[in-house]
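Thanks for asking me to look this one over. My notes follow as numbered points, so that you can go through them with the viewer open.

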Amino acid sequence: MAPYAISNAKIITQATRTRRIFALLSSFLFLVALVFLILVEIGNLNARHPVLPSIYFIKLDLSNIIPRSVPNSRLINSIARTLGVHDFYQVGLWNFCEGYGEDITACSKPRKLFWFNPVEILLNELLAGATIALPSNITDALTLVRIASKWMFVLFLTGTCLTVPSAILAPLAIYTRWASLPLTILTFLTALSTTAATIIASAMFLIFRKAIQSAADTINIGAEIGIKMFVFMWIASGAAILGWLIQLGGCCCCASARDVKTGRRRGRRKAYPPFGTDSGAGATGTVEKSRVRRRRLSGSG
């Protein structure tokens, strides 16, 4: 029986090769999603890091906040800079960074449920008694930013946490299709939270940029979307969705190890040697026994 047992183990592995490939691919996709979600989480956190400052949602350019059409605009812009207005502000998930020219001078402390409020930030940095007035369409957009930012923060954090068990547990689908159901639910929640956060972030900052650009005649603020951040978000969402679809398909497709052992499904045909060979005896023993039992039952009836 020992040779047959070894043959059975090898044949079961070969018969479930397709399911094994897809289960491991699903796990790999969630690892990819985790890596890019971590980059989204830590983007813009450290001003001295060579890479992180380039990962942001949106960057506001206030170096020429007064339009050139206004008389003495250069003088007024220099005065604004003297009062404390920085050349640019860029927004991450936990904080914002500011600087002059191309150099970041400082980043705010990370805060949970952070949302970018340029009015509050500018008023805190201006000299005492100085004020700044923004157009109504920008202030209206800030209301949207405040609400959406909190949802975005929670969903990104939830998606990051759920990708860890999704990546670890995904290979369990190799052994039984019963594992695919809870895994499908888990991976669905992972894909849902990640994709929802990505959609909210994309819509929110695109609307915010459009609101700023529409007020160019009143106040000259440049708005630049962070390409790296957007690419990272959508790669994470795409990987999570594909990983979930693979787990969903595993509920009904591809034979599991348990299916092959019980004879419910044979899996890959190439895994089975021809009947009559030594290696084939162990593989077909269970099937032949079930056939004999059926014949006996039908004969007795």
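1. Where does aspartate 103 have its place? Aspartate 103 sits in strand β4, which covers residues 103-107. Please keep in mind throughout that this is a predicted model. With a relative accessibility of 54%, aspartate 103 counts as exposed, because exposed means over 50%.

2. Aspartate 103 also takes part in a negative surface patch. The other members of that patch are Asp61, Glu102 and Glu224.

3. The surface has a nonpolar patch as well, of about 460 Å². Val164, Ile168, Leu169, Leu172 and Tyr175 make it up. Tyrosine 175 belongs to the loop that runs between α5 (136-169) and α6 (180-214). Its relative accessible area is 48%, so tyrosine 175 is classed as partly exposed.

4. On to the aromatic rings. A pair of aromatic rings is described by the distance of the centres and the angle of the planes. How many aromatic pairs does a search of the whole structure find? The search gives six. One of them joins phenylalanine 57 and phenylalanine 205, which are stacked, with 4.9 Å from centre to centre and 10 degrees between the planes. This pair links distant parts of the chain, as its two residues are 148 residues apart. Phenylalanine 57 lies in the loop between α2 (17-42) and β1 (58-61), while phenylalanine 205 is in helix α6.

5. Are the two rings of that stacked pair, phenylalanine 57 and phenylalanine 205, buried or exposed? Phenylalanine 57 has a relative accessibility of 0% and therefore counts as buried. Phenylalanine 205, at 3%, counts as buried too, since buried means under 20% relative accessible area.

6. Phenylalanine 188 and tryptophan 244 form a tilted aromatic pair, with centres 5.4 Å apart and 55 degrees between the planes. Here too the pair links distant parts of the chain: phenylalanine 188 is in helix α6 and tryptophan 244 in helix α7 (residues 227-249), 56 residues apart. Phenylalanine 188 has 36% relative accessibility, so it counts as partly exposed.

7. An aromatic cluster is also worth displaying in your viewer: Tyr89, Phe96 and Phe116 form it together.

8. Helix α7 also holds isoleucine 235. This isoleucine 235 is partly exposed, because its relative accessible area is 34%. Its C-alpha atom is separated by 9.9 Å from that of leucine 29, and the two residues are 206 residues apart along the chain.

9. Finally, a word on the backbone. Most residues other than glycine have a negative phi. What is the phi of asparagine 44? The value is near 70 degrees, which is positive in a residue other than glycine. Asparagine 44 is in the loop between α2 and β1. With a relative accessible area of 0%, asparagine 44 is buried.

10. Leucine 113 likewise has a positive phi, of about 55 degrees, although it is not a glycine. Leucine 113 is located in the loop between β4 and α4 (118-125). Its relative accessible area is 37%, so leucine 113 is partly exposed.

Terms used:
Residues are numbered from 1 along each chain as its sequence is written. This is a predicted model: local features need pLDDT of at least 70, side-chain atom pairs count only at pLDDT 80 or more; totals for chains, interfaces and linings use all residues. Side-chain values use heavy atoms; hydrogens and water are left out. Patches are made of residues with over 30% relative accessible area and no salt bridge: like charges are joined within 9 Å, nonpolar side chains (Val, Leu, Ile, Met, Phe, Trp, Tyr) within 5 Å. Accessible areas come from the Shrake-Rupley method with a 1.4 Å probe; for residues, only the protein chains shown count as cover. A salt bridge is a side-chain nitrogen of Lys or Arg within 4 Å of a carboxyl oxygen of Asp or Glu. Lys and Arg count as positive and Asp and Glu as negative; His and the chain ends are not counted. The place of a charge is taken as NZ of Lys, CZ of Arg, CG of Asp or CD of Glu. Helices (H or I, at least four residues) and strands (E, at least two) are DSSP runs, numbered from the N terminus. Buried means under 20% relative accessible area, exposed over 50%, partly exposed in between (1.4 Å probe, protein chains only). Rings of Phe, Tyr and Trp (its six-membered ring) pair if their centres lie within 6.5 Å; planes under 30 degrees apart count as stacked, over 60 as edge-to-face and the rest as tilted.
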